[in-house]
Amino acid sequence: MPPSRLLVTGGAGFIGANFVHYWLAKHPGDRLVVLDALTYAGNRASLATAAGHPSYRFVHGNILDLNLVTGLLREEEIDTVVHFAAESHVDRSILGPDAFIETNVVGTHTLLKAARAVWLAGSGRPHRFHHVSTDEVYGSLAPADPPFSERTAYAPNSPYSASKASSDHLVRAYHHTYGLCTTTSNCSNNYGPYQFPEKLIPLMMVNILHGKPLPLYGDGQNIRDWLYVEDHCRGIELVLERGGVGEVYNLGGHNEWANIDIVRLLCRLLDEAFAQDPELIRRFPDAPASQGRLAASLITWVKDRPGHDRRYAIDAEKSRRELGYLPKESFASGIEKTIAWMLANEPWWRQVMDGSYRDWIGRQYGA
Ligand code: NAD
Ligand code: DAU
């Protein structure tokens, strides 16, 4: 069943906003309704270019509001939910897990209840509930372990990953018990435009531009499997178009990097950007390159994240075989695009770095 009337939850966040732009460009005739509570991580500015699109509507609201969600599914005759809305930052889940249980567990359950009421007990319309999840539900890998496959046992280690694992189980149960047409994708670490600068890659870039310390947790050798966000959006599109009902698909980048190597790469690429474009020296006088220093001189070792997972890696063979999924972007080209986007969109990241962000960074690093 090709989607044609979509409800995208969390569409003002990082991946959600990229998905909205991707979908409107590729499927301009589809109705696309965004539902977003605009938490600290949600930003209307990330959707500014979607605003004029005739098929697009933004609803400021919470996925915990059952009446609102049920009303939207009915009134907009939604046939496909793409569920991104979540609390997504591991460090925040360690400091305050409650919001993660509320949004990620109770919020997902609220959406499932609404979908069941409208699609199964009500219209009987062909439908799809797609749940966007994470590789963190599988726990942590040792260096020689094979990557996570869809058959890997769940072993979530942080309040964030435990809340996502709970939501994955609820989605599974609503398919198994009630026959709701669901799919789930478990994806590795994303990077790219519109990512909130609390996550590793944009945080390090913004700190280099401001000449602030680059805080590396532990020994900096933790490994993540990085995927350019547009490849994730295309993976979700493939799941919606070709995925089997009730199935789970892993999406990843075949791109494992230790944190220290990523930070060194960002330092080198930004030093080179300053050398090539003297205008950057005027715009960012506090950056090390503006003062004749190397960005890598900002690297600072800080206390490790409690329970820090050592390594994630995704086996995306099922998605390749069944959906034809393969990431298109290389890490070199994806990082280059991301740096270019950050340098061209300074007003965007300055705007999202409001008081709440500064409070958070201050608490974390005493900045
Ligand atoms: P994000 O934190 O950037 O955005 C989350 C969005 O959800 C924000 O717009 C926020 O306002 C909205 N939101 C939060 N609580 C809400 C609520 N109760 N009701 C309505 N809207 C609410 O997150 P992201 O990085 O874009 O991640 C999106 C999804 O993808 C999440 O489910 C996350 O678990 C998953 N995921 C993320 C990554 C990654 O690397 N970022 C990787 C794999 C999976
Ligand atoms: O794997 C998918 C997950 O990736 C998503 O489900 C999460 O929503 C997303 O936030 C991300 O989780 P991580 O914890 O891996 O991402 P983060 O950017 O917070 O950290 C990446 C790595 O960098 C991790 O090993 C911790 C380390 N780190 C992070 C920050 C913010 C540092 O060393 N210093 C930092 O300041």
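The following exchange examines the ligand 2 site, helix α2, the largest nonpolar core and residue N222 in a predicted model.

Residues are numbered from 1 along each chain as its sequence is written, and chains are lettered from A and ligands numbered from 1 in the order in which they are written. Local features need pLDDT of at least 70, side-chain atom pairs count only at pLDDT 80 or more, and totals for chains, interfaces and linings use all residues, while side-chain values use heavy atoms, with hydrogens and water left out.

Student: How many residues surround ligand 2?

Tutor: A residue belongs to the surroundings if one of its heavy atoms lies within 4 Å of the ligand. T134, D135, Y160, R305 and H308 are the closest. The shell divides into eleven nonpolar, eight polar and six charged residues (Ala, Val, Leu, Ile, Met, Phe, Trp, Tyr, Cys and Pro count as nonpolar, Asp, Glu, Lys and Arg as charged, and the others, Gly among them, as polar). The number surrounding ligand 2 is 25.

Student: What percentage of the area that ligand 2 exposes when taken alone does the protein bury?

Tutor: Oxygen atoms of ligand 2 lie 2.6 Å from an N or O atom in the side chain of Y160 and 2.7 Å from one in the side chain of H308. Taken alone, ligand 2 exposes 680 Å² (Shrake-Rupley method, 1.4 Å probe). The share of this area buried by the protein is 95%.

Student: Why do the buried residues of α2 lie on the same side of the helix?

Tutor: Helix α2, a DSSP run (H or I, at least four residues), spans residues 66–75 and has V69, T70, L72 and L73 as its buried residues (under 20% relative accessible area, 1.4 Å probe, protein chains only). These residues are on the same side of α2 because the directions from the helix axis to their C-beta atoms cover an arc of only 160°.

Student: Which element supplies the largest share of the largest nonpolar core?

Tutor: Such a core is a set of buried Ala, Val, Leu, Ile, Met, Phe, Trp, Tyr and Cys residues joined through side-chain atoms within 4.5 Å. Of its 41 residues, L266 and I335 touch the most other members. The largest share, ten residues, comes from α8.

Student: With which side chain does the side chain of N222 make a polar contact at 3.3 Å?

Tutor: N222 is buried, with a relative accessible area of 1%. A polar contact within protein pairs N or O atoms within 3.5 Å, one able to donate a hydrogen and the other to accept it, and residues adjacent in sequence count only if both atoms are side-chain atoms. The N222 side chain makes one such contact with the side chain of R310 at 3.5 Å. Its contact at 3.3 Å is with the side chain of H308.

Key:
Buried means under 20% relative accessible area, exposed over 50%, partly exposed in between (1.4 Å probe, protein chains only). Helices (H or I, at least four residues) and strands (E, at least two) are DSSP runs, numbered from the N terminus.
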